[in-house]
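Welcome! Here are some exercises with worked solutions to help you find your way around a new structure. Please take a first look before you start.

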Amino acid sequence: HVRQLYALVAETLRYSPVLEKLLAGAALLQAEKKLPPQLAKVLVYDLLFGKGLKCGGRWKALARRHRARLEAELARLKVQQKVSRNEDLLAPAQAASPGASQVPRYVRVNTLKTCVDDVIDFFKRQGYSYLGKAASVEELRALSGKKFLLDLDLPELLVFPPQTDFHDNVLYTSGHIILQDKASCLPAFLLSPAAGSHVIDACAAPGNKTSHLAALLKNKGQIFAFDVDTKRLATMNTMLMRAGVTGFQLAQQDFLTVDPGDPKYSKVTHLLLDPSCSGSGMVTRVPGEEAAPSPERLQALAGFQRRVLSHALSFPALRRLVYSTCSLHREENEDVVHAVLQERGSAFRLVNAFPSWPCRGLAAFPGAECCLRASPAATLTHGFFVAVLERCGEGAAAPSVLPVAAEEPPQRGEGTEPGAAPKKRKRKKQRVK
């Protein structure tokens with residue numbers, strides 16, 4: 001049921017601009033004033049594009065009551081756009097969201113359950129052609145059909161053409177792979193906690209970064225994950241269990257209320273902070289949906305982000321922290337980091353994270369180029385911002401070893417003809433069949 005729900009939500013988001021036009025044309029929300037807009041989108045998607053309504057009761061009756069009007073509006077929209085298939089309605093909708101159609105499908109291999117070699121072999125057996133490790137962003141941009149690459153930066157990230165759908169793939173449903181944008185993989189990758197570390201994921205749901213942290217820790221150590229939303233935490237718990245994550249504690253708690261002096265957190269050396277933000281970098285957002293938040297909204301978000309970042313830096317044993325947002329706005333990114341660094345004096349410093357990464361922080365203050373930015377145009381990812389902070393002086397972390405470029409793991413598929421016999425080797429991970 002969870003897998004089906006993920007797939008339904010993902011497809012509803014993909015069709016979101018089309019669904020908005022259908023709802024407006026059929027005046028469904030005006031006729032049913034108590035129907036939440038997001039629920040209306042799910043119902044209409046399942047009714048017109050999905051496998052039929054799975055719900056029951058009054059929602060099913062409501063959707064059926066408006067079926068004729070919705071089908072008529074769908075037919076009118078097809079005629080207006082001169083298309084015959086439902087899928088063809090997606091092209092103009094995606095074009096309205098800059099960058100959405102060019103961002104590849106990124107697949108993170110969950111090393112808690114398998115390894116990169118075996119996942120590559122699995123996809124090759126499914127008819128995909130493996131092209132080896134990418135040498136440039138342009139190679140990722142040129143992907144098409146059933147071809148895929150190993151990412152040029154992250155060693156456990158596979159790259160497929162845009163809109164490749166794996167929600168029904170057995171590797172996804174079994175937790176062997178995680179569908180996660182490349183930019184979203186950067187925070188845990190750059191935090192780089194050693195196995196056995198105690199780590200806090202301060203604003204954790206929906207949990208992709210948490211599962212990435214667990215993989216880096218090799219399930220050794222402890223993860224404390226916080227979120228205020230009960231339902232999101234429940235979903236996150238299911239996802240982490242499916243991914244084979246152990247050694248984590250979930251807490252329904254506002255991170256700002258967590259006591260850094262609690263003995264429970266006395267060994268926390270690494271902290272990942274991805275707080276609420278405007279989301280302006282997400283290319284899958286509905287066009288026009290708070291694309292340009294008001295100055296008042298930005299200031300409110302930035303104020304919260306400064307408070308939560310300052311609070312995160314107060315954990316006594318903390319050595320390294322990653323601050324990230326999916327925002328494009330300087331107010332939520334460089335300005336927040338600068339303000340908190342000034343407040344903290346010389347206790348923490350910015351690390352020049354990932355020097356080979358092409359997009360750097362805006363020149364808002366001296367040293368801001370140590371931060372990373374990501375964008376659909378330059379890095380073929382969602383819009384993102386990442387800053388890495390380390391404690392200075394006594395008790396600080398060892399000299400930074402943040403990556404210049406990812407080391408490529410040995411790949412059986414490279415340099416061999418398809419079907420060539422691989423060398424025998426011991427496997428510690430669960431083999432993908």
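## Warm-up: a loop and its backbone

Asn219 sits in the loop between H12 and E7, where helices (H or I, at least four residues) and strands (E, at least two) are DSSP runs, numbered from the N terminus. This is a predicted model in which local features need pLDDT of at least 70 and side-chain atom pairs count only at pLDDT 80 or more, while totals for chains, interfaces and linings use all residues. Residues are numbered from 1 along each chain as its sequence is written, and side-chain values use heavy atoms, with hydrogens and water left out.

**Exercise 1.** Describe the backbone and the exposure of Asn219 and Lys218.

*Step 1.* Start with Asn219: its phi is near 60°, a positive value in a residue other than glycine.

*Step 2.* Turn to Lys218, whose phi is near 60° and thus positive too, again in a residue other than glycine. Lys218 lies in the loop between H12 and strand E7 (222–227).

*Step 3.* Now check exposure (buried means under 20% relative accessible area, exposed over 50%, partly exposed in between, with a 1.4 Å probe and protein chains only). Lys218 has a relative accessible area of 55%, so it is exposed. Asn219 is partly exposed because its relative accessibility is 24%.

**Exercise 2.** Which form does the peptide bond from Ala205 to Pro206 take, cis or trans?

*Step 1.* Locate Pro206 in the loop between strand E6 (198–201) and helix H12 (208–217).

*Step 2.* Read omega for the bond from Ala205 to Pro206: the value is near 10°, and the bond is cis.

## An annotated cysteine

**Exercise 3.** Where does Cys326 lie, and which residues is it in contact with?

*Step 1.* The unreviewed UniProt entry carries the annotation "active site" at Cys326. UniProt positions are given in the numbering used here, feature names are shortened, and annotations may be inferred rather than shown by experiment.

*Step 2.* Cys326 is in the loop between strand E10 (320–325) and helix H15 (334–344).

*Step 3.* With a relative accessible area of 17%, Cys326 is buried.

*Step 4.* List the contacts (heavy atoms within 4.5 Å). Leaving aside neighbours within four places in sequence, Cys326 touches Cys277, Gly279, Ser280, Gly281, Met282, Gly383 and Phe384.

## The nonpolar core

**Exercise 4.** Which residues of the largest nonpolar core touch the most other members, and which elements give two or more residues to this core?

*Step 1.* Recall the term: a nonpolar core is a set of buried Ala, Val, Leu, Ile, Met, Phe, Trp, Tyr and Cys residues joined through side-chain atoms within 4.5 Å. In soluble globular proteins, nonpolar side chains tend to be buried together.

*Step 2.* The largest core has 51 residues, and Leu140, Leu186, Leu190 and Phe354 touch the most other members.

*Step 3.* Two or more residues come from each of strand E4 (157–160), helix H11 (182–191), H12, E7, helix H13 (230–242), strand E12 (372–374) and strand E13 (384–391). H11 gives the largest share, 7 residues.

*Step 4.* Domain 2 (105–179) and domain 3 (182–391) each supply at least three residues to this core; such bounds come from an automatic or database domain assignment.

## Charged pairs

**Exercise 5.** How many salt bridges does a search of the whole structure find, and where do Lys41 and Glu20 lie?

*Step 1.* A salt bridge is a side-chain nitrogen of Lys or Arg within 4 Å of a carboxyl oxygen of Asp or Glu. The search of the whole structure finds 12.

*Step 2.* Lys41 and Glu20 form one of them, at 3.4 Å from N to O. Lys41 belongs to helix H4 (residues 37–48) and Glu20 to helix H2 (residues 16–26), so the pair ties together parts 21 residues apart in sequence.

*Step 3.* Lys41 is buried at 5% relative accessibility, whereas Glu20 is partly exposed at 38%.

*Step 4.* For another pair, look at Asp274 and Lys209, whose side chains meet in a salt bridge (3.6 Å, N to O). Asp274 is in the loop between strand E9 (268–273) and helix H14 (295–312), and Lys209 is in helix H12, 65 residues apart. Asp274 and Lys209 are both buried.
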